[in-house]
Amino acid sequence: MTKVSMTVNGKTVSGDVEGRTLLVEFLREGLGLTGTHVGCDTSQCGACVVHVDGKAVKSCTMFALEAEGAHVTTIEGMANPDGSLSALQQAFQDHHGLQCGFCTPGMIMSAAALLAENPRPSEAEIREYLEGNLCRCTGYHNIVKAIMAASGQDVSSIAAE
Amino acid sequence: MPDGGIGASNKRREDVRFLTGKGNYTDDINIHGQAHVHFLRSDIAHGKIKRLDTSDAEKMPGVLRIFTAADFEGVGGIPCGWQVTDRHGNPMQEPKHPVLAEGKVRYVGEMIAAVVAETPAQARDAAEAIVLDIEELPAVIDMKEAVKDGAPKVHDELESNLCYDWGFVEENREAVDEAIRGAHHVTTLELVNNRLVANPMEPRVAIGIYDQASGDHTLYTTSQNPHVIRLLMGAFVLGIPEHKLRVVSPDVGGGFGSKIFHYAEEAFCTFAAKAVGRPVKWTCSRSEAFISDAQGRDHVTKIELALDEEGHFLAIRTETYANMGAYLSTFAPSVPTWLHGTLMAGNYRTPLIYVNVKAVFTNTVPVDAYRGAGRPEASFQLERVIDKAAREMGIDPVELRRRNFITEFPYATPVAVEYDTGDYNATMDKLLEMADVAGFEKRLEESRKRGKLRGLGINCYIEACGIAPSNLVGQLGARAGLYESATVRVNATGGLVVMTGSHSHGQGHETAFPQVVADMIGIDPSMVEVVHGDTANTPMGMGTYGSRSLAVGGSAIVRATEKIIAKAKKIAAHLMEASEADIELKDGQFTVAGTDKSVAWGDVTLAAYVPHNYPLEDLEPGLEETAFYDPANFTYPAGAYACEVEVDPDTGKVEIVSFCAADDFGNIVNPMIVDGQVHGGLGQGIGQALLEHAVYDENGQLLTGSFMDYAMPRASDVPFYKVDHSCQTPCTHNPLGVKGCGEAGAIGSPPAVVNAVVDALQRAGHDVTHIDMPLSPSRVWAAMQQG
């Protein structure tokens with residue numbers, strides 16, 4: 001076991017991990033931050049996306065020890081400081097961008113990373129960016145719509161409700 | 001926007017926890033002192049276990065105990081919940097389905113041994129140290145090969161690999177043959193309904209707990225129906241009475257059918273928790289899910305449609321081979337029979353129908369219900385053969401459908417069901433408008449200029465939902481009732497808790513069910529809370545599948561709330577010293593007709609629990625009622641779908657440029673949620689049509705065993721959908737007039753996609769009448785080269 005330290009959602013944390021411990025395992029089992037999900041074992045589904053030093057990363061694809069000293073943000077760190085939903089989270093609720101909720105943390109983390117680098121993405125750009133995030137419930141319609149709405153675009157003309 | 005009652009698109013209250021990482025999925029639950037299990041699974045499809053030596057593995061670090069079949073002597077097999085009777089009156093062949101393999105393995109993924117250890121990694125490490133020697137036997141994968149004389153048998157003790165040979169309606173068989181022989185035109189189509197993996201994003205998880213002091217068992221599991229698991233596992237596998245067994249399904253990350261069934265892993269964790277004396281947790285990996293979750297579809301069908309000179313349907317005859325996999329999963333036998341044969345009339349008047357289904361055992365993962373379950377298979381073959389017939393006879397496909405629509409209701413089909421309501425012309429009219437069919441030629445021209453082929457596919461669908469009348473399904477072989485339950489508890493200060501036997505794993509029950517109750521009483525939905533997913537605090541219910549939660553579960557809630565209101569009116573009458581018959585309830589106020597007397601909802605609920613001024617001699621205190629609702633009939637959602645595609649002639653790549661769905665779901669409680677259900681169904685249906693395929697090689701190895709090989713639809717594979725449910729013919733036999741919406745999209749969309757691609761190819765001069773799903777670029781390209 002090796003000691004690892006990092007900043008998660010603004011708090012300094014540390015723990016003992018094996019070399020093979022994945023970042024997602026450290027977050028879920030070590031820190032009890034179970035909002036980050038595991039939906040596959042081939043880095044395809046994106047349910048485990050977190051931000052590491054500002055970049056969207058699949059936390060099943062990174063060892064906990066690789067995050068030594070890093071600033072990590074998980075879904076638990078995405079709401080406004082007063083606990084209310086952020087604009088992006090609110091857009092997902094307003095536009096029914098989630099059903100079972102399992103892919104949702106990864107979707108929010110990926111969408112936030114997209115909007116950070118491209119504040120007004122087109123529909124095609126959003127669909128392209130979400131290539132690494134699978135959702136089985138929504139058919140993606142309302143996810144794409146929610147992200148467009150969160151970026152300030154008028155979505156009222158998108159397909160009949 | 002304030003929350004509203006029935007018909008309002010209230011935002012989902014469950015979203016806040018999911019959006020902030022505060023969901024409570026089964027894998028998020030950790031029990032103090034828990035151990036972890038890893039299952040050693042067969043990597044051979046068919047073989048005899050010659051040696052299974054766990055002695056070295058038992059010495060590995062952290063190992064608590066290793067289980068094999070020997071530990072399960074005296075434990076029952078995993079039961080099947082539906083017995084189908086074959087066309088000769090004999091029961092289906094029903095092999096034993098052991099928790100851990102007994103002497104033989106029958107599919108890749110079957111559990112052979114289980115290692116319980118301190119950590120998941122230690123359990124996995126130790127499983128690798130188990131010495132296993134399997135003598136490989138020839139595997140049977142292809143269904144038609146499996147039923148030939150002399151084929152290797154999946155189960156040595158059975159007569160053959162044929163589970164049943166079902167005929168429906170058997171008495172019509174000769175009349176159907178005769179009608180087809182004498183018909184003006186017969187269109188024949190052979191097709192495959194491709195095998196799929198449900199793949200809810202949350203893999204399955206089970207945690208078994210045993211309390212030695214009380215003798216109580218608890219199972220946390222990712223199930224769509226915890227009561228069903230409690231009954232099947234308790235009564236048939238482990239012999240635990242219901243009052244000593246609690247099953248909890250907390251937040252569940254999607255199901256789509258694959259989490260209906262009772263799985264061996266659940267029984268194992270419950271059993272092992274007592275045997276080891278520690279809670280035992282299993283978290284399925286995605287790789288394991290691909291080889292252990294029951295899969296879907298996998299039918300091979302020949303359908304013949306007989307028509308007269310004007311295109312009126314005279315008869316339909318089908319022969320289908322349906323894959324059961326190696327063992328009978330919970331509802332597997334019912335899917336290709338009662339959920340498929342009964343829908344072969346579709347939206348049309350066809351006087352004579354005969355459906356033959358041969359269910360076959362193969363050395364593959366069990367196959368069971370997947371979103372739509374039998375009904376997509378029925379719609380696909382019917383809507384494809386109608387399209388082919390229209391082209392053969394030179395009749396417009398929409399016109400041919402209209403010519404045969406059922407227009408009078410109720411309508412008794414020749415396949416044993418009675419449609420209560422519908423208006424298939426209305427949904428077709430709506431669809432043609434939504435899809436701007438009139439403008440298609442112009443769009444076709446634009447595509448041609450860009451070097452693309454364009455096609456338009458249109459079809460209808462019907463499904464039987466609101467599953468199901470218990471006495472009817474009992475006659476058809478179901479070993480369970482299919483009612484639903486609700487307890488409505490009113491608290492002293494007026495808030496309500498609805499305890500439902502339905503289970504929400506994405507459907508938004510926590511938002512929609514309160515709309516129903518609030519509407520009936522005239523209060524804000526925020527005063528109503530929904531409790532579900534725990535057998536300890538919900539009445540016995542059958543769970544969520546078959547688009548049944550609102551139609552059956554919602555009806556139970558209505559019935560329980562009616563009892564509440566009836567009793568509350570008695571209390572109100574006492575408080576206002578009026579006759580009960582004169583009491584009216586509106587907007588949460590009880591009034592006496594013709595007077596200005598009133599008491600508020602909260603006054604009455606308080607009186608029920610603080611009965612100082614109360615008719616105690618006539619009425620018990622308290623305000624809590626339970627109702628069980630058993631539907632009188634299935635519900636019959638129906639609609640018309642249109643898909644427009646562009647095909648790249650150089651690569652065969654299909655792009656869906658537009659998809660429209662006009663559905664009749666009867667009344668709607670939350671339109672936003674209904675839209676979302678249709679979107680999701682369309683995504684899965686388009687996935688089946690273009691991308692998804694569970695492929696086994698001839699040795700029984702699943703070639704598409706991960707998301708790298710099994711093509712799940714991604715955001716860039718689908719368009720924005722246009723959906724509409726303004727055509728509403730309310731169900732006549734449930735109190736809400738609702739029909740169910742969860743499966744429609746997955747049922748109606750595959751034929752629309754295939755019809756569209758065939759249309760595109762034919763318009764470009766290719767002599768192509770059918771391509772089997774998934775319509776991958778290679779298949780479409782190959783079809784273009786051949787015709």
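**A first tour of chains A and B**

Student: Which residue in β4(B) stands opposite B:Gly47?
Tutor: We're looking at a predicted model, where local features need pLDDT of at least 70, side-chain atom pairs count only at pLDDT 80 or more, and totals for chains, interfaces and linings use all residues. Residues are numbered from 1 along each chain as its sequence is written, while chains are lettered from A and ligands numbered from 1 in the order in which they are written. Strands (E, at least two residues) and helices (H or I, at least four) are DSSP runs numbered from the N terminus. Look across from B:Gly47 to β4(B) and you find B:Val105.

Student: How many bridges join β2(B) to β4(B)?
Tutor: Two strands count as paired if DSSP finds at least two bridges between them. Strand β2 of chain B covers residues 47-53 and runs antiparallel to β4(B). The number of bridges joining β2(B) and β4(B) is 2.

Student: And why do β4 and β6 of chain B each have one side without a neighbour in the sheet?
Tutor: Start with the order: 3 strands make an open, antiparallel sheet, β4-β2-β6 of chain B. β4 (104-105) and β6 (131-136) of chain B stand at the edges, so one side of each is left free because each has a single partner strand.

Student: What is the average twist from one strand to the next in the sheet of 7 strands in chain B?
Tutor: This open sheet has mixed pairing and goes β3-β5-β1-β12-β9-β10-β11 in chain B. Its edge strands are β3 (63-67) and β11 of chain B, which pair on one side only. From one strand to the next, the twist averages 20 degrees.

Student: At about what angle does helix α3 of chain B run to β1(B)?
Tutor: First, the strands: β1 (35-41) and β5 (111-117) of chain B pair antiparallel over 6 bridges, and one pair of bridge partners is B:Arg41 and B:Met111 in β5(B). Helix α3 (120-128) of chain B packs on the sheet and touches β1, β3 and β5 of chain B. Axes are lines fitted to C-alpha atoms, for helices over the stretch in contact, and angles between N-to-C directions run from 0 to 180 degrees. For α3(B) against β1(B), the angle is about 30 degrees.

Student: Which strand is the angle of helix α7 of chain B given to?
Tutor: Helix α7 (264-276) of chain B lies across several strands, including β1, β3, β5, β10 (216-221) and β12 (280-283) of chain B. Its angle of about 30 degrees is given relative to β9(B).

Student: Which element gives the most to the side of domain 1 of chain B that touches domain 3 of chain B?
Tutor: The domain bounds come from an automatic or database domain assignment, with domain 1 at 31-137 + 201-254 + 259-290, domain 2 at 299-468 + 633-786 and domain 3 at 483-629. In the contact, 16 residues of domain 1 of chain B meet 14 residues of domain 3 of chain B; residues are in contact if their C-beta atoms, placed from the backbone, lie within 7 Å. On the domain 1 side, α6 (226-238) and β11 (245-248) of chain B each supply at least two residues. With 4 residues, the top contributor is α6(B).

Student: How far apart are the centres of domain 1 and domain 3 of chain B?
Tutor: The centres are taken over C-alpha atoms. They're separated by 40 Å.

Student: Over to the two chains: which helix gives the most to the side of chain A that touches chain B?
Tutor: The contact takes 47 residues from chain A and 50 from chain B. On the chain A side, α2 (87-94), α3 (104-117), α4 (123-129) and α5 (141-150) of chain A each supply at least two residues. The most, 4 residues, come from α2(A).

Student: What pattern does chain A follow along the sequence?
Tutor: Chain A has 5 helices and 5 strands. Read along the sequence, they follow β-β-α-β-β-β-α-α-α-α.

Student: Which residue in the turn between β1(A) and β2(A) has a positive phi?
Tutor: β1 (2-8) and β2 (11-17) of chain A pair antiparallel over 7 bridges, and A:Lys3 stands opposite A:Asp16 in β2(A). The two strands form a hairpin with 2 residues between them. The turn residue with a positive phi, about 50 degrees, is A:Asn9.

Student: Which residue of β5(A) is the bridge partner of A:Thr7?
Tutor: β1(A) also pairs with strand β5 (71-73) of chain A, in the parallel sense, over 2 bridges. In β5(A), the partner of A:Thr7 is A:His71.

Student: About what size does the C-alpha trace of chain A span?
Tutor: The spans are taken along the principal axes of chain A. They come to about 55 × 35 × 25 Å.

Key: Two residues are in contact if their C-beta atoms, placed from the backbone, lie within 7 Å.
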